[in-house]
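Biologist: Could you take a close look at one part of this chain, starting from a charged side chain and its partner? After that, please set it beside the other contacts and the sheet you can describe.

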Amino acid sequence: MVWHAKEYPLAQFKSMERAIECTNHTVLNEASRSKFFTNYIVSGSDTSLTGWFTFNGSAGTRMATTCVPADHCGTFVPGWLAGNHPSVDEGVVVRSVCLSKSRVCCMTSVSVLVRNCSSFFVYKLDMNSSFSFTFRVCGSGIDGNNDKLYVSTKQKIFISSISIICFDHFVRDECTNYSTLNERDRAADYFSYNTLKCDAYLPSGWYRLAGRAGTVMPTHCVPKMHCGTLSPGWLNGKHPTKWEGVVERMVCFTKDNDCCHWYSLVLMKNCSGFIVYKFGHFPTAVDSCSLRYCGAGETGCRDKEGNSYDVWQSWNPNPLFKCTCAPNLKVECKKTEYGCWDSHGNAFVDGYEWLSNNMTKCTCSYGKITCTKLSRPACTDEKGIVREHGTHWFSGFCFNCSCGDGLISCAKYRVTIKYGLFQVETIGRCKPCHQPNNDILPKGDETVAACQVFFQLMASNEVFGCSSGDFVRIEHVCNGVAECPDASDEAQCQNVICRDEEGQILILKDVWNVSDCLSCECTKGRLECQRTLQVIFPGKHLAYVPFTESCEQPGCNTMEFIKARRESCEGTRKVKELNLI
């Protein structure tokens with residue numbers, strides 16, 4: 001029959017569906033179906049279970065939702081619900097029933113439909129899958145009444161074995177006869193890629209956790225690569241009270257993101273002050289050298305904020321002190337800097353400045369704090385540096401920031417260098433800014449190198465601003481080549497360009513050395529040349545007299561002056577028509 005939405009509204013459809021499975025189902029209430037039941041029932045198999053069913057009575061009120069060990073629930077292969085039960089509003093949902101086998105919590109699985117019928121749940125298995133073994137779905141059972149579940153014909157044998165155990169306690173008490181596991185790398189929060197140990201060869205017996213391993217097993221999932229192994233083991237359940245005596249609990253072993261991929265059953269006892277465990281039975285379907293029992297202890301020290309540190313690891317609780325985690329797990333601190341303390345217990349290094357409020361700047365100097373009232377609100381940048389009103393600074397090479405009345409505003413630039421031309425583009429702004437690199441979009445540092453070159457040149461006044469908004473190096477101004485898009489770098493150069501004898505431009509050359517004794521200088525577009533001779537007086541040994549002559553445009557032809565005098569720097573004292581030859 002096909003349901004049509006126009007004929008049957010969704011609410012009515014859900015109501016009709018609910019009436020079917022919530023009223024017509026099989027009730028599973030056998031005590032042997034409880035996840036706490038530990039005997040095997042020959043006829044206990046659900047491979048032929050069809051239709052909807054629910055749990056009740058000693059079996060529990062719902063399907064078990066945690067890993068059920070093999071040989072429980074009256075079967076060698078117990079089934080449990082992997083996932084949460086649905087709410088009423090969710091209607092029918094699809095879940096998986098994990099089947100435990102060979103100490104693997106979910107060796108395989110079968111699909112199941114689940115519905116919340118307000119006060120109970122109903123289930124329906126997908127029996128299209130074929131299995132070469134029998135299995136049984138388990139109920140949540142009745143916790144705390146496990147003794148009522150041992151109802152098989154082997155009850156006398158079970159009671160006899162308990163009696164033997166009790167008698168053995170008088171002969172060999174596990175609270176006094178145990179081995180100690182106290183390795184540092186057994187702690188649950190110990191992490192290492194290189195330390196991969198295992199308990200495969202740990203002799204079967206009673207053990208106590210102590211020292212840096214911790215005093216008990218952790219009762220929460222321990223991630224892989226912790227506890228000095230690939231697959232750490234943790235206690236899936238509560239530790240017993242001293243009145244419970246010896247109890248059996250499940251230890252789960254983590255694989256990848258599965259907190260309970262494998263499991264092992266261990267005995268444990270509360271010895272009125274510490275817990276002892278009987279280890280030694282590992283899953284057989286796995287390489288045991290990847291499994292290890294973990295302790296809940298710590299591998300190092302903790303500071304006042306609860307942060308953990310390894311042995312010999314150091315940290316700074318404040319700017320004045322350095323602390324180290326000692327091998328005895330005690331924190332040892334020593335003073336490393338001189339500074340000040342304020343009334344709130346905050347420490348400051350000598351010379352440090354900060355704002356107690358945006359109108360008050362304080363400074364730590366020689367162990368004393370001095371505060372100054374400001375005329376306008378100041379800012380504190382992302383590095384903790386105080387910036388007074390009206391100041392500008394670069395936050396990174398591509399961010400130009402300023403403080404105005406207590407608010408930081410920043411602009412982000414993109415700098416492109418092409419043939420000596422710096423093109424600077426503003427691509428984003430923020431106000432107020434806390435972290436400019438994150439506050440301004442788009443993010444990215446693709447022009448950091450170009451920004452660094454440009455703003456360093458600008459800081460040293462080595463760039464010229466074009467009228468177009470671009471920039472060129474100041475040494476390129478008036479070089480006869482228009483590098484600015486609007487040629488503004490060559491617009492006012494007619495009075496400052498000089499040329500040498502070959503017509504080459506001499507702009508920005510303070511001195512043009514023609515020879516060892518002849519030099520020229522370009523000043524305001526005019527070339528001034530000067531030659532200094534060492535004049536020799538005939539007949540006198542080492543008699544030299546300096547002689548200087550000059551030529552300045554426009555009264556003197558500097559080109560002719562240079563050509564006639566560039567070859568020689570010495571002269572002989574001879575007079576002809578009152579001129580030096």
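**A charged pair and its surroundings**

Modeller: Arg-115 is buried, with a relative accessible area of 7%. This comes from a predicted model. The partner of Arg-115 is Glu-21, and their side chains meet in a salt bridge at 2.4 Å, N to O. Glu-21 belongs to helix H1 (residues 10–21) and Arg-115 to strand S5 (residues 104–116), so the bridge ties together parts that lie 94 residues apart in sequence. Glu-21 has a relative accessible area of 2%. Buried means under 20%, so Glu-21 at 2% and Arg-115 at 7% both count as buried.

The chain has 19 salt bridges by the rule used here. Another of them joins the side chains of Asp-46 and Arg-33, at 2.7 Å from N to O. Both residues of this pair sit in the loop between strand S1 (26–28) and strand S2 (53–55), and they are 13 residues apart. Asp-46 and Arg-33 are both buried.

What surrounds Asp-46, apart from its neighbours within four places in sequence? The contacts of Asp-46 are Arg-33, Leu-125, Met-127, Phe-135, Arg-136 and Val-137. Arg-33, the salt-bridge partner of Asp-46, is thus one of the residues on that contact list. The relative accessibility of Asp-46 is 3%, and it counts as buried.

A further salt bridge is formed by Arg-249 and Glu-244, whose closest N and O atoms are 3.8 Å apart. Here the acidic residue is not buried: Glu-244 is partly exposed, with a relative accessible area of 39%. Elsewhere, salt bridges with shared partners join Glu-183, Asp-185, Arg-186, Lys-197, Asp-199 and Arg-292 into one network.

Thr-66 offers an uncharged side chain to set beside these. Thr-66 lies in the loop between S2 and strand S3 (78–82) and is partly exposed at 35% relative accessibility. Not counting residues up to four places away in sequence, Thr-66 touches Lys-35 and Trp-80. Thr-66 and Lys-35 are 31 residues apart in sequence, and their C-alpha atoms are 9.4 Å apart in space.

Next come the aromatic rings. There are 18 aromatic pairs by the rule applied. In one of them Phe-348 and Trp-354 are stacked, with 3.7 Å between ring centres and 0° between the planes. Phe-348 counts as buried at 10% relative accessibility, and Trp-354 is buried with 11%.

Another set of rings leads to the sheet. Phe-394, Tyr-413, Phe-422, Phe-454, Phe-455 and Phe-471 form one aromatic cluster. Several elements in that stretch of sequence belong to one open sheet: 6 strands in the order S27-S28-S29-S30-S32-S31, with antiparallel pairing. Strand S27 (392–394) and strand S31 (463–465) stand at the edges with a single partner strand each, so one side of each has no neighbour in the sheet. From one strand to the next, the twist averages 30°. Strands of a sheet pair through backbone hydrogen bonds, either parallel or antiparallel.

Within this sheet, strand S28 (residues 399–404) and strand S29 (residues 407–418) pair in the antiparallel sense over 6 bridges. One pair of bridge partners is Gly-404 and Leu-407, with Leu-407 in S29.

Helix H4 (residues 448–459) lies across S27, S29, strand S30 (421–430), S31 and strand S32 (471–473). H4 runs at about 105° to S29. The residue ranges of these elements place Phe-454 and Phe-455 of the aromatic cluster in H4 and Phe-422 in S30.

Some totals put this in context. The chain has 5 helices and 39 strands. Of its 581 residues, 39% count as buried, and Glu-21, Arg-115 and Asp-46 are residues of that buried kind. The accessible surface is about 33,000 Å², and 50% of it belongs to carbon and sulfur atoms. Among contacts between residues at least 6 apart in sequence, 53% join residues at least 24 apart. The salt bridge we started from links residues 94 apart in sequence.

Conventions
Residues are numbered from 1 along each chain as its sequence is written. This is a predicted model: local features need pLDDT of at least 70, side-chain atom pairs count only at pLDDT 80 or more; totals for chains, interfaces and linings use all residues. Side-chain values use heavy atoms; hydrogens and water are left out. Two strands pair if DSSP finds at least two bridges between them. Helices (H or I, at least four residues) and strands (E, at least two) are DSSP runs, numbered from the N terminus. Axes are lines fitted to C-alpha atoms, for helices over the stretch in contact, and angles run from 0 to 180 degrees between N-to-C directions. Contact means heavy atoms within 4.5 Å. Buried means under 20% relative accessible area, exposed over 50%, partly exposed in between (1.4 Å probe, protein chains only). Accessible areas come from the Shrake-Rupley method with a 1.4 Å probe; for residues, only the protein chains shown count as cover. A salt bridge is a side-chain nitrogen of Lys or Arg within 4 Å of a carboxyl oxygen of Asp or Glu. Rings of Phe, Tyr and Trp (its six-membered ring) pair if their centres lie within 6.5 Å; planes under 30 degrees apart count as stacked, over 60 as edge-to-face and the rest as tilted.
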